[in-house]
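Okay, thanks everyone for coming. I'd like to walk you through one structure today, so have a look at the screen.

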Amino acid sequence: MAACLLLLLASTAGATFRFASYYADHMVLQKKPAGAVVWGYGEAGANVTVSLSRDCKVIMKKMAQVEEHSEAWKVVLDPMNHGGPYSMKAEQHSKGEPKNLTLQNIYFGDVWLCSGQSNMVMTVSQIINASKELSEAPLYPYVRLFTASLIQSKVELQDLAKIDLQWSIPTAENLGHGNFSYFSAVCWLFGRSLYETLQYPIGLVESAWGGTPIEAWSSGRVLQECGLPRDVRRFLRPKLVSGPETPSVLWNAMIHPLLNMSLMGVIWYQGENNAFLNTDLYNCTFPALIADWRRAFHSGSEGQTQPLFAFGFVQLSTFRRQHQDDSFARIRWHQTADFGYAPNKRLPNTFMAVAVDLCDEHSPYGSIHPRDKQNVVYRLHLGARAVAYGEKGLVFQGPYPVKVVVDEARGLINVMYEQEILLLLMHDHIFEVCCSPQLSPQEPCQWVPAPMVSASSHTVTLSSPGCRDTVTRLRYAWAEWPCEYRRCPLYNRHLLPAPPFVMDTLR
Ligand SMILES: *[C@@H]1O[C@H](CO)[C@@H](O)[C@H](O)[C@H]1NC(C)=O
Ligand SMILES: *[C@@H]1O[C@H](CO)[C@@H](O)[C@H](O)[C@H]1NC(C)=O
Ligand SMILES: *[C@@H]1O[C@H](CO)[C@@H](O)[C@H](O)[C@H]1NC(C)=O
Ligand SMILES: *[C@@H]1O[C@H](CO)[C@@H](O)[C@H](O)[C@H]1NC(C)=O
Ligand SMILES: *[C@@H]1O[C@H](CO)[C@@H](O)[C@H](O)[C@H]1NC(C)=O
Ligand SMILES: *[C@@H]1O[C@H](CO)[C@@H](O)[C@H](O)[C@H]1NC(C)=O
């Protein structure tokens, strides 16, 4: 009885006055040059005042009115230097009782969103040296954690329907809460590295779900751009069940609600699922998703999130030791929009961690879930420092060939690198050539191994025996499992691996 009455009262008096779900004690708000967006719900037509205080002194006040239709209010704070703690109070003035809410222990710093599938979801308790990493949690009280719940929706949600971990100070318990729950090891180690570099607060928002394809994280705009059906019934060919594979359901429930938040950037570890679904569309869907998320976060935050914010990603690691199917190699290539490296023309302001050499055959979570996330994040954080934070002269990419010279007379191929290469070992089939009378995309290649025969500081020399015709194409590490743990042939002196590539040798 009492509960019914309360509901009735609430509905006649308009929406309950509250902050949106992801504003809470201990949170990190985006620092300058962006202004942090703060929003919530209230009674239509009411006035809302948001005030920010430090040491009980009000330093900023912003006003908004609750919109009639959405019953939402929103303010944009003035850009703030990093630091804290602050408290933030919101007051509602309407015809009824005045109401107020206060959040404590708020900091300003950089907010990063971490998304993707199971390799992003894997928690700190599942990785190598887990107990050491967990025990170090108390050293990072200014790296703050938040995890959205696994929710799917057929329509775009305005706010998160559920939260697994509300804004928290890291502890061994919330970093190692369970297997594939929270908190993401890649997200945590990334935030921790940024904190060590920047020495100011970092807010980490995890919104990721294992076993999900990129289509589920894509808005209708992305699907349309890539010629994919927006209609769920057409997408689910034989199955009738809806699941996190359904197009747009995770965009709707786990990304769209966050658009109003000001943030610094996104990191993404996804693609394994697309080795079995729309693989050769990933060179459309991934660049389109990045562009779409950028537009959406920029406009959702009233222009506070940069229109070309930094987007980092992990290139797929390994799964099976097999040679029949090159779908992993194709996804790795498509992750770079078929350039082989990032950033590039189609993927501006992005950065990539190569993980092809971080295999883990005996992972208790299956070989698709390698436990070395420290090296993944070491490589990823270098990209963030160079691309997102503009650190000049920082080497964050492995060696990539600038020129290939075929010496037909001697049956040799010289692959030239701009960076100085560190040769770990010689390999007789990790480079392969395609021999054919002419370069023709119609004709499938007969790939033959081109053994490495020698190497100098900037050049690897291969032999192409058995190539009676012209060498038209060359590829490197084009296999699901091309080398052993941290034992690919080519690195640079910072131990960043050479990424896989395929290229035409006739130009
Ligand atoms: C909201 O503020 C405006 C002026 O800023 C005032 O005219 C109006 O009466 C206020 N509304 C309520 C419900 O307090
Ligand atoms: C804030 O609201 C509480 C009740 O929730 C009330 O006791 C208090 O006086 C209010 N404070 C201000 C400054 O309005
Ligand atoms: C963003 O804030 C507005 C209030 O200005 C609200 O109506 C809307 O639902 C929010 N949008 C999203 C996607 O969260
Ligand atoms: C997580 O998985 C590991 C390896 O399978 C297992 O030993 C451990 O008990 C699991 N932990 C929890 C909390 O389920
Ligand atoms: C994506 O890759 C496929 C297969 O290699 C190719 O046919 C297609 O043209 C590429 N699409 C884009 C947009 O680059
Ligand atoms: C695990 O800890 C050992 C001992 O501190 C260290 O040598 C090793 O590099 C760590 N492994 C990873 C992947 O970080």
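I'll go through the open space, then the closed space, then the nonpolar cores and one helix.

One thing up front: this is a predicted model.

Let's start with the largest pocket, which holds about 480 Å³ of space. Its lining is made up of 27 residues, and Phe-339, Gly-340, Tyr-341, Tyr-400 and Pro-401 are the ones closest to the centre. So where does the pocket sit relative to the domains? It lies between domain 2, residues 109–388, and domain 3, residues 401–504, because both of them give residues to the lining.

As for strands, S14 (350–353), S15 (401–407) and S24 (501–504) each put at least two residues into that lining. The largest share is from S15, with three residues. If you're wondering about chemistry, the pocket lining breaks down into 17 nonpolar, six charged and four polar residues.

Now the closed space. How many cavities of 30 Å³ or more are there? The count comes to one, and its volume is about 50 Å³. Here's who lines the cavity: Tyr-23, Met-27, Val-28, Leu-29, Gln-30, Ala-36, Val-37, Val-111, Met-261 and Ser-262. Strand S2, residues 28–30, gives the largest share of that lining, three residues. You'll find eight nonpolar and two polar residues around the cavity, and no charged ones. Domain 1 (2–107) and domain 2 (109–388) each contribute at least three residues to the cavity lining.

On to the cores. As a bit of background, nonpolar side chains tend to be buried together in soluble globular proteins. Here, the largest nonpolar core has 106 residues, and the ones with the most contacts inside it are Tyr-23, Trp-73, Leu-77, Trp-268, Trp-293 and Phe-431. You may remember Tyr-23 from the cavity lining. Which helix gives the most to this core? That's H9, residues 282–300, with seven residues. There's another core lying apart from that one, with 45 residues, including Trp-112, Leu-134, Ala-185 and Ile-202.

Let me finish with H9 itself. The helix is mostly covered, with 15 of its 19 residues buried. Its length checks out too: at 1.5 Å a residue, 19 residues should span 27 Å, and the end C-alpha atoms are 26 Å apart, so the two agree. Right after H9, look for Glu-302, which has a positive phi, near 60°.

That's my tour, happy to go back to any part of it.

Note on methods
Residues are numbered from 1 along each chain as its sequence is written. Chains are lettered from A and ligands numbered from 1 in the order in which they are written. This is a predicted model: local features need pLDDT of at least 70, side-chain atom pairs count only at pLDDT 80 or more; totals for chains, interfaces and linings use all residues. Side-chain values use heavy atoms; hydrogens and water are left out. On a 1 Å grid over the protein atoms alone, a cavity is a set of points where a 1.4 Å probe fits but cannot get out, and a pocket is an open set with protein on both sides within 12 Å along at least five of seven lines; lining residues have an atom within 4 Å of a point. Grid points are joined across faces, edges and corners, and a volume is the space filled by probe spheres set on the points. Helices (H or I, at least four residues) and strands (E, at least two) are DSSP runs, numbered from the N terminus. Ala, Val, Leu, Ile, Met, Phe, Trp, Tyr, Cys and Pro count as nonpolar, Asp, Glu, Lys and Arg as charged, and the others, Gly among them, as polar. Domain bounds come from an automatic or database domain assignment. A nonpolar core is a set of buried Ala, Val, Leu, Ile, Met, Phe, Trp, Tyr and Cys residues joined through side-chain atoms within 4.5 Å. Buried means under 20% relative accessible area, exposed over 50%, partly exposed in between (1.4 Å probe, protein chains only). The expected span of a helix is 1.5 Å times one less than its number of residues.
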